[in-house]
There are 2 protein chains.
Amino acid sequence: MKIAIVGATGAVGQQMLQCLEERNVPGELKLLASARSVGKKFTYKGQEIAVEELCEESFEDVDYALGATGNDITKKWMPWAKKNHVVVVDNSSAYRLDKDVPLVIPEINPEDIQKHHGLIANPNCATIIALVALNALRKEFGIKRMIVSTYQAVSGAGVKGIHDLEVQSKDPSVPSTAFPYQIAYNLIPQIGDFDDLGISKEEWKMQNEGRKIWHDDNLLVSCTCVRVPIFRSHSESIFIECEKEVDVEKARALINEAAGCVLKDDPKNGVYPMPLDTTNQDLVFVGRFRKDISDPTGHSLSLFCCGDQIRKGAATNAVQILQELIK
Amino acid sequence: MKIAIVGATGAVGQQMLQCLEERNVPGELKLLASARSVGKKFTYKGQEIAVEELCEESFEDVDYALGATGNDITKKWMPWAKKNHVVVVDNSSAYRLDKDVPLVIPEINPEDIQKHHGLIANPNCATIIALVALNALRKEFGIKRMIVSTYQAVSGAGVKGIHDLEVQSKDPSVPSTAFPYQIAYNLIPQIGDFDDLGISKEEWKMQNEGRKIWHDDNLLVSCTCVRVPIFRSHSESIFIECEKEVDVEKARALINEAAGCVLKDDPKNGVYPMPLDTTNQDLVFVGRFRKDISDPTGHSLSLFCCGDQIRKGAATNAVQILQELIK
């Protein structure tokens with residue numbers, strides 16, 4: 001069995017390689033990237049693997065591919081993979097909303113994986129982290145509406161984003177390469193392009209992808225996405241309005257048992273989710289549970305959650321899907 | 001006429017000195033602080049002024065005082081000021097909700113100033129910035145409910161907070177002096193102590209102080225307060241539910257004319273509020289206006305705003321109140 005990582009030298013591709021090794025996924029590995037990365041070598045399970053150039057013939061001996069390239073590049077190589085009957089788990093947003101492409105978070109809708117036609121899409125990073133944090137609450141209380149403000153790490157813009165924060169933290173006058181403005185000691189309330197309503201692409205994803213993953217076309221989501229000077233974990237301040245009356249103690253108990261979650265909710269003792277604590281691990285930390293005091297009906301709940309954007313928000317989720325496929 | 005700054009060596013006290021000079025407020029200045037700051041000298045309108053020790057006799061020749069000390073110290077010196085019939089504008093939260101103490105944002109409720117009995121309170125910084133951004137919208141649409149997620153600068157914790165971010169940005173292993181955890185490259189979803197509901201003191205302020213300033217006991221506010229690695233401007237992601245149907249173009253036009261506000265809302269051309277741009281100036285930048293798509297009735301609006309926490313969030317607002325008093 002041969003697994004390819006397409007876009008192997010980027011932040012997500014590198015994390016995919018690490019996750020495959022950590023989870024001891026069987027099979028040989030092929031690393032694909034653009035011509036300028038050819039010859040770079042990475043160690044995988046004790047062996048050195050050289051990066052090969054991504055081209056039409058790359059997929060001839062490949063069974064599964066993990067996609068970690070941007071939308072434009074992905075649209076170029078996807079037909080090559082298809083022609084060779086490669087089953088792809090793709091992290092780009094290019095095919096996420098296509099009808100015949102399952103969009104999967106393994107803790108939530110693993111059954112959708114088997115409906116694939118050669119391609120399974122990995123959801124948006126902020127969407128994965130929010131939905132993992134909310135899934136058990138949704139089952140119990142029924143979520144009608146979500147109001148989300150994000151605090152998104154620079155790693156969401158890849159290696160260049162990480163580089164910008166590193167360099168500008170020492171010298172803020174160095175121009176950004178991944179962002180429209182300085183990101184060190186600043187916030188940028190823009191992630192992706194804006195439409196005529198003034199809503200950014202990233203802000204639409206939580207509603208559009210959330211509806212598909214939860215199979216609920218009535219889900220209402222309003223989102224403000226903000227880039228913050230954090231290296232790799234996304235945080236989200238979330239207010240949910242539910243069908244049933246909410247119960248804070250019950251919410252805590254549910255998260256304590258929920259797949260993919262860690263309850264961090266003892267604020268008087270300084271226990272709450274923080275992005276530094278979720279960095280470089282696979283679980284979503286959830287806490288700051290309160291009844292939303294602005295909803296006198298008692299149907300609303302406030303919470304805060306954090307998760308590693310490169311791991312659970314991207315690479316880990318894709319590798320989990322691959323593991324389900326192989327199983 | 002003599003004006004005293006009590007707590008003159010702190011971040012807010014220093015900014016008060018600068019604001020008094022910039023606004024050319026008449027009168028002599030007296031700088032009061034704790035014993036360990038005695039002898040420090042600061043330049044004011046071209047003259048050097050030495051810091052004097054805060055004591056019971058400090059207020060004998062004082063007409064007006066600007067308070068920039070924490071709650072405990074403020075409670076100690078307030079009786080001394082009262083005894084000497086000094087009119088105080090106090091930035092601490094010690095007396096903000098007292099019935100006979102006006103709580104004032106000059107752009108919103110200047111008429112309350114004249115109801116004072118020797119003491120006027122300056123509101124919480126995040127509350128000032130949000131309410132300045134929302135006041136014109138409230139007059140037009142009627143605000144029933146606010147859902148707020150904050151992105152609050154380290155300067156809210158004073159000189160020590162600024163020091164922590166400066167030092168930790170270079171070496172994250174240096175322990176925090178102002179925060180419970182590392183703040184560089186991290187977020188801390190705690191500002192102030194928590195009550196039994198899991199709500200922090202800072203999170204209560206927006207509702208409690210908002211009700212008092214707007215004279216609206218039915219105002220509903222839910223707030224999640226988060227400290228971010230930014231030096232001195234607070235940002236806020238705000239969702240409002242209104243009595244009337246909202247209109248985005250009308251909202252923009254209102255902010256364009258609103259006292260204390262600058263409209264920054266052309267996101268397709270990269271125009272939106274950012275904390276770096278509001279640093280060291282007195283206005284609140286408001287933008288990212290969208291109809292809240294999670295409210296199908298069309299009564300809700302989303303926006304993002306930023307303001308300098310030490311200036312408009314504290315010192316400038318206090319000096320504006322003083323100017324109204326003198327006038």
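## A look around chains A and B

Let's start at a turn: in the hairpin made by S3(A) and S4(A), two residues sit between the strands, and one residue, Lys45(A), adopts a positive phi near 50°. This is a predicted model, so please read every value below as computed from it. The two strands of the hairpin, S3 (residues 41–44) and S4 (residues 47–50) of chain A, run antiparallel and are joined by four bridges. Within that ladder, Lys41(A) has Ala50(A) of S4(A) as its bridge partner.

**Positive phi at His215**

Most residues other than glycine have a negative phi, and most peptide bonds are trans. Against that background, His215 deserves a look in each chain. His215(A) is not a glycine, yet its phi is positive, at about 50°. His215(B), also no glycine, has a positive phi of about 50°. Where does His215(A) lie in its chain? His215(A) belongs to the loop that links helix H5 (201–214) with strand S10 (220–224) of chain A. In chain B, His215(B) is likewise in the loop between helix H5 (201–214) and strand S10 (220–224). Because exposed means over 50% relative accessible area, His215(A) earns that label with 55%. His215(B) is exposed as well, with a relative accessible area of 53%.

Here are four residues whose accessibility or phi comes up in this report:

| Residue | Value | Note |
|---|---|---|
| His215(A) | 55% relative accessibility | exposed |
| His215(B) | 53% relative accessible area | exposed |
| Pro79(B) | 44% relative accessible area | partly exposed |
| Phe179(A) | 10% relative accessibility | buried |

**The overall build of chain A**

Stepping back, chain A contains eight helices and 14 strands. Its radius of gyration is 20 Å, close to the 20 Å that the globule rule gives for 327 residues, so chain A is as compact as a globular protein of that length. Along the principal axes, the C-alpha atoms of chain A fill a box of roughly 60 × 50 × 45 Å. Of the 327 residues in chain A, 61% count as buried. Contacts reach across the sequence, too: among those in chain A between residues at least 6 apart, 66% join residues at least 24 apart.

On the outside, chain A has an accessible surface of about 12,400 Å², and carbon and sulfur atoms account for 48% of that. The chain carries 37 positive and 45 negative side chains, with the centres of the two sets 0 Å apart.

**The parallel sheets**

Strands of a sheet pair through backbone hydrogen bonds, either parallel or antiparallel. In chain A, six strands make an open sheet with parallel pairing, in the order S5-S2-S1-S6-S7-S8. Which strands form its edges? They are S5 (52–53) and S8 (119–121) of chain A, each of which pairs on one side only. Edge strand S5(A) pairs with S2 (residues 28–33) of chain A in the parallel sense, over two bridges. There, Leu32(A) stands opposite Glu52(A) of S5(A).

Further along the order, S6 (residues 64–67) of chain A runs parallel to S7(A), and four bridges join the two. Tyr64(A) stands opposite Val87(A) of S7(A). In a regular strand the side chains alternate between the two faces of the sheet. For S7 (residues 87–90) of chain A, both faces are covered: Val87(A) and Val89(A) are buried on one side, and Val88(A) and Asp90(A) are buried on the other.

Chain B has an open sheet of six strands in the order S5-S2-S1-S6-S7-S8, with parallel pairing. Its edge strands are S5 (52–53) and S8 (119–121) of chain B, each pairing on one side only. Five bridges link S1 (residues 2–6) of chain B to S2 (residues 28–33) of chain B, and these two strands run parallel. In this pair, Val6(B) stands opposite Leu32(B) of S2(B).

**Two more residues to find on screen**

Phe179(A) sits in the loop between helix H4 (158–170) and H5 of chain A. Is Phe179(A) buried or exposed? At 10% relative accessibility, Phe179(A) counts as buried. Leaving aside residues up to four places away in sequence, Phe179(A) touches Val154(A), Ala157(A), Gly161(A), Asp164(A), Ile188(A) and Arg227(A). Phe179(A) and Tyr272(A) are 93 residues apart in sequence and 29 Å apart in space, C-alpha to C-alpha.

Pro79(B) is part of helix H2 (residues 71–83) of chain B. With a relative accessible area of 44%, Pro79(B) is partly exposed. From Pro79(B) to Arg23(B), the separation is 56 residues in sequence and 29 Å in space, C-alpha to C-alpha.

Technical notes. Residues are numbered from 1 along each chain as its sequence is written. Chains are lettered from A and ligands numbered from 1 in the order in which they are written. This is a predicted model: local features need pLDDT of at least 70, side-chain atom pairs count only at pLDDT 80 or more; totals for chains, interfaces and linings use all residues. Side-chain values use heavy atoms; hydrogens and water are left out. The radius of gyration is taken over C-alpha atoms; the globule rule is 2.2 Å times the number of residues to the power 0.38. Buried means under 20% relative accessible area, exposed over 50%, partly exposed in between (1.4 Å probe, protein chains only). Contact means heavy atoms within 4.5 Å. Accessible areas come from the Shrake-Rupley method with a 1.4 Å probe; for residues, only the protein chains shown count as cover. Lys and Arg count as positive and Asp and Glu as negative; His and the chain ends are not counted. The place of a charge is taken as NZ of Lys, CZ of Arg, CG of Asp or CD of Glu. Two strands pair if DSSP finds at least two bridges between them.
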